[in-house]
Protein chains: 2
Amino acid sequence: MKRRTLVAAAGATLAAGALSGCKPQASSDCVASAQQQFNWKMVTSWPKNFPGVGVGAERFARVVEEMSGGRLKIKVYAAGELVPALEVFDAVSRGTVEMGHGAPYYWKGKVPAAQFFCALPFGPNAAEMNAWLFKGGGMQLWEETYQPFGVLPLLCGSTGVQTFGWFNKEITRVEDLQGLKMRTPGLGGEVLSKLGGTVVNLPAGEIFTALQTGAIDAAEWIGPYNDLALGLHKAARYYYTPGWQEPNVTFELDINLKAWETLPADLQAIVRAAAREVNGDMLDDYNAKNMEALETLRGEGVEVRRLPDEVLASLRQAAAEVVEASAAADPQAAKVWAAQMAYFKRLWAYAEVAERDIYRIRE
Amino acid sequence: MKRRTLVAAAGATLAAGALSGCKPQASSDCVASAQQQFNWKMVTSWPKNFPGVGVGAERFARVVEEMSGGRLKIKVYAAGELVPALEVFDAVSRGTVEMGHGAPYYWKGKVPAAQFFCALPFGPNAAEMNAWLFKGGGMQLWEETYQPFGVLPLLCGSTGVQTFGWFNKEITRVEDLQGLKMRTPGLGGEVLSKLGGTVVNLPAGEIFTALQTGAIDAAEWIGPYNDLALGLHKAARYYYTPGWQEPNVTFELDINLKAWETLPADLQAIVRAAAREVNGDMLDDYNAKNMEALETLRGEGVEVRRLPDEVLASLRQAAAEVVEASAAADPQAAKVWAAQMAYFKRLWAYAEVAERDIYRIRE
């Protein structure tokens, strides 16, 4: 299940007990572990060289290799190379590979609470989700949720605000969503269903053709950066904002707990820091590249439209009911959602005199 | 200027040329450098155990030590222990110490362009500043600005939105700022001066007494988290928001370039990643703790007031003139500001359909 190569270099011998808990001060142990080479596999939910999230996963592996001086090498596999996109969590849980990268809501069928760590319609933005995860008890709940599966989750990527997506007809009333066949996953998809739409699940590579042939009426993918790469603007006329369904999506590293315990303390610290570093870098990347891509799309004649307030109000009401019902269906999901509701209510009250007000005073 | 201890452990000998450019794949060099111990000093602009930014600086040193398995130890010095708070940059530039942590605008007297990397009145928030620095060419300009001083800057901390501060009289018209003696630094202070106020510079430890005795009429420090720690609410009645003068303040690591070049590649990667990891963690910390502290302050009867729109409009106009004049006074500052203006204009247009709209649709 795991390949480790022990490199006994420069005459050093491997000390017993160096496999775990190597403390920074215990120099003789550390020297021993410093000689040990780990070669890990990381499966992902992303196509090869995929902008944003896929680049971020590859960046994580590179940063870890640089920081560890090559002692921890992580080979990154695109979706389907070793396991299909949506079986990343399973592969890590079983120990087929040491590590995976994906979006928590991909495994909601197996872990219903997972999607609450991922994206909440009309929910927190990236900074708010980060504050809850790292300073409000969120990471502990996430670890508790995955512990029965032998998986350690680490936050490793945020998209920031997404868009509502691509349409070939105008949305002027909430009734326009009825009968709409749309590609949109997660809780947002359930909201659309509740309002009479039909959710169609398609992997990235099939969205363009489905939209162009009329097999679907609309498609939500990520945002301008990724959408431009798929060419969706060539198959649809209107680009609707804002991405009420995903004010942020988080991505996770899944680490097999048994594999994790074989890493010495310094490599564990490197993996943790790299995950968080990539989380920041990916958000910066999305903010910058989404901006550039939206300029390109507008230049090519795409009509960027905002959903009418009345439609957003209906969506918000439906979203509240969907999230509530989804949380109620699973005890761990209910626990996570209760903690989030309490925390975000407080954080949003603070945002009123802080982050939010900064946007107002710019005018 | 620098103390290095070479630890030849486990029988390994130090290979020639291991001091710089150790490539991850070059295992014999890496093993050699893996034995080398660096003991660095980091001076800071912060009192001992200072909440938020001070804790962040200490966290940086700890994370680096953990990731390096103790090979790079950084001893953190509070303001005044080795050098005064505002002489951190100088000490690093001269090579008195290898590293420092402070706020760029503290050395605007020596490097006029520095404050443009720090805080801009009515300017970008933390996420926007990060996007410009890492994806919009900002870091390159920052490095270029400090290069003549032999200093490498790394972003290492963000406060997020601050507050306008503590007042004992109400601000209902812009005329109420005339004659006001206020502790507020940087470009925000210059804006206050332009509108008839008097800027008083005081270190953290003297603000409370000055406010209580009436030596100053008002004081801006950071935000609820740090302000509560100083007890400013016991010396003033009104707490005004929003922090138009500092929608975000960035903190920097200053690294002596000659010292930097002695680090092997893996330790350089560790320092870079730790700085960025701390940047994320500090923002999360401020968001969470500011929220909690504002609840505490409100519970103790503090009156949180928003500046009237009319006053904010006058401040915005004055701020535009102050920033423009400040940029025009120095060629490098002018270059940085021109790049920022162009970038943030584009980013703000994107925010209108993304981050900003998410706040609107929550209602």
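## Exercises on a predicted model

In this predicted model, A:T44 has A:H101, a residue of strand 4 of chain A, as its bridge partner.

**Exercise 1.** Work out which strands pair with strand 2 of chain A, and in which sense they run.

*Solution.* Begin with strand 4 (residues 99-102) of chain A, which pairs with strand 2 of chain A in the parallel sense over 3 bridges. Turn next to strand 3 (residues 72-77) of chain A, which also runs parallel to strand 2 and is joined to it by 6 bridges; here A:K41 stands opposite A:K75. Then follow the chain from strand 2 through helix 2 (residues 53-67) to strand 3 of chain A, a β-α-β crossover that is right-handed. Finally, look at the surroundings of strand 2 (residues 36-44) of chain A, where 8 of the 9 residues are buried.

**Exercise 2.** Decide whether A:F122 is buried or exposed, and describe its backbone.

*Solution.* First locate A:F122 in the loop between strand 4 and helix 4 (126-135) of chain A. Its phi is positive, about 55°, although A:F122 is not a glycine, whereas most residues other than glycine have a negative phi. Because buried means under 20% relative accessible area, the value of 9% places A:F122 among the buried residues. In chain B, B:F122 likewise has a positive phi, near 55°, and is buried with a relative accessible area of 9%.

**Exercise 3.** Find the cis peptide bond that joins A:T241 to its partner, and say where that partner lies.

*Solution.* The bond joins A:T241 and A:P242, with omega about -10°, and A:P242 is found in the loop between strand 10 (238-241) and strand 11 (250-256) of chain A. In chain B, the peptide bond from B:T241 to B:P242 is cis as well, with omega near -10°.

Conventions: Residues numbered from 1 in each chain as written. Chains lettered and ligands numbered in written order. Predicted model: local features only at pLDDT ≥ 70, side-chain atom pairs only at ≥ 80, totals over all residues. Heavy atoms only, no water. Buried < 20%, exposed > 50% of the residue type's maximum accessible area, 1.4 Å probe, protein only. Helix = DSSP H or I, 4+ residues; strand = E, 2+ residues; numbered from the N terminus. Pairing = 2+ DSSP bridges. Right-handed = clockwise from strand over helix to strand, strands pointing away.
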